[in-house]
Amino acid sequence: MKKTSIAVAITAAATLGLGQMAMADQDDYQEALDQAAFADMIEQAANAGVASFRELQIDDERGTMEFEVEGWDADGQAYELTLNGENGEVIHEMTSDTQVAPWGLDAQQLNSLLDRASQDGFDRFEDIDLDEDGSVEVSGFDGDQREMERSYGLDEFNGGQ
């Protein structure tokens, strides 16, 4: 009898844990942006002064959905920008001198990347990270709310520049 009670308790705890994990995944899916909303945030960031993008991500650590961007402005200064993820309002921006020459993708090239990733099954996006080694990592979710990650070559979108 005691073994049965313990087994039931373990099964219940495991079931509750899985339910919470599925709920967390649902929340993550809901916090990620669809292609149109992600493209809109890219446009807002470009309008705010980002000329070349290196990293883009959705973040909700402060209780508000935020769109964070790292890259460079048109003058080649390192540029960090945080937008309100719901209305595009600038929350924080900072430029700094850098010894690193600007590299990355512009807004139009990023939209081509979003198109390609959508064709590959992405339904919602949460992170795009460009690496100096020439890779672009995209993270998000498919239509069944499963997490996806995919790597692309940077040259596919910047014309080999």
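Is R150 buried, partly exposed or exposed? With a relative accessible area of 33%, R150 is partly exposed, where buried means under 20% relative accessible area, exposed over 50%, and partly exposed in between (1.4 Å probe, protein chains only). The model examined here is predicted: local features need pLDDT of at least 70, side-chain atom pairs count only at pLDDT 80 or more, and totals for chains, interfaces and linings use all residues. Residues are numbered from 1 along each chain as its sequence is written, and side-chain values use heavy atoms, with hydrogens and water left out.

A look at the overall fold sets the scene. The secondary structure comes to 4 helices and 8 strands; helices (H or I, at least four residues) and strands (E, at least two) are DSSP runs, numbered from the N terminus. Along the sequence, these elements follow the pattern α-β-α-β-β-β-β-α-β-β-β-α. The protein has 161 residues, of which 35% count as buried.

Salt bridges come next, and R150 leads into them. Side chains of opposite charge can pair when their charged atoms come close. With a salt bridge taken as a side-chain nitrogen of Lys or Arg within 4 Å of a carboxyl oxygen of Asp or Glu, the structure holds 7 salt bridges. In one of them, D120 joins R150, the closest N and O atoms being 3.3 Å apart. Because D120 lies in the loop between α3 and β6 (124-130) and R150 in strand β8, this pair ties together parts that are 30 residues apart in sequence. Like its partner, which is partly exposed at 33%, D120 is partly exposed, with a relative accessible area of 26%. The two residues also belong to a network of salt bridges that links R116, D120, R150 and E156.

Two further salt bridges can be picked out. R146 and D142 meet through their side chains at 2.9 Å, N to O, and D142 is buried, with a relative accessible area of 10%. R54 pairs with E55, and here the closest N and O atoms are 3.8 Å apart. R54 itself is partly exposed, its relative accessible area being 23%.

What of the aromatic side chains? Rings of Phe, Tyr and Trp (its six-membered ring) pair if their centres lie within 6.5 Å; planes under 30 degrees apart count as stacked, over 60 as edge-to-face and the rest as tilted. By this rule, the count comes to 6 aromatic pairs. One of these is the edge-to-face pair of F38 and F67, at 5.1 Å centre to centre and with 80° between the planes. This pair links distant parts of the chain, with F38 in helix α2 (residues 35-48) and F67 in strand β3 (residues 66-72), 29 residues apart. F38 counts as buried at 0% relative accessibility, and F67 is likewise buried at 0%. The pair formed by W72 and W103 is tilted, because the ring centres are 5.7 Å apart and the planes stand at 50°. W72 lies in strand β3 and W103 in the loop between β5 (90-96) and α3 (107-119), so this pair ties together parts that are 31 residues apart in sequence. W72 and W103 are both buried. F38 and F67 appear again in a single aromatic cluster, together with F122 and F125.

On the surface, D27, D28, D60, E61, E147 and E149 form a negative patch. Two elements, α1 (2-31) and β8 (147-153), each give two or more residues to this patch. Patches are made of residues with over 30% relative accessible area and no salt bridge, with like charges joined within 9 Å and nonpolar side chains (Val, Leu, Ile, Met, Phe, Trp, Tyr) within 5 Å. E147 lies in strand β8 and is exposed, with a relative accessible area of 54%.

Two residues round off the account. Q145, in the loop between β7 (135-141) and β8, has a positive phi of about 65° although it is not a glycine. At 28% relative accessibility, Q145 counts as partly exposed. D155 is found in helix α4 (residues 155-158) and counts as exposed at 52% relative accessibility. D155 and L105 are 50 residues apart in sequence, while their C-alpha atoms are 9.8 Å apart in space.

Note on methods: Accessible areas come from the Shrake-Rupley method with a 1.4 Å probe; for residues, only the protein chains shown count as cover. Lys and Arg count as positive and Asp and Glu as negative; His and the chain ends are not counted. The place of a charge is taken as NZ of Lys, CZ of Arg, CG of Asp or CD of Glu.
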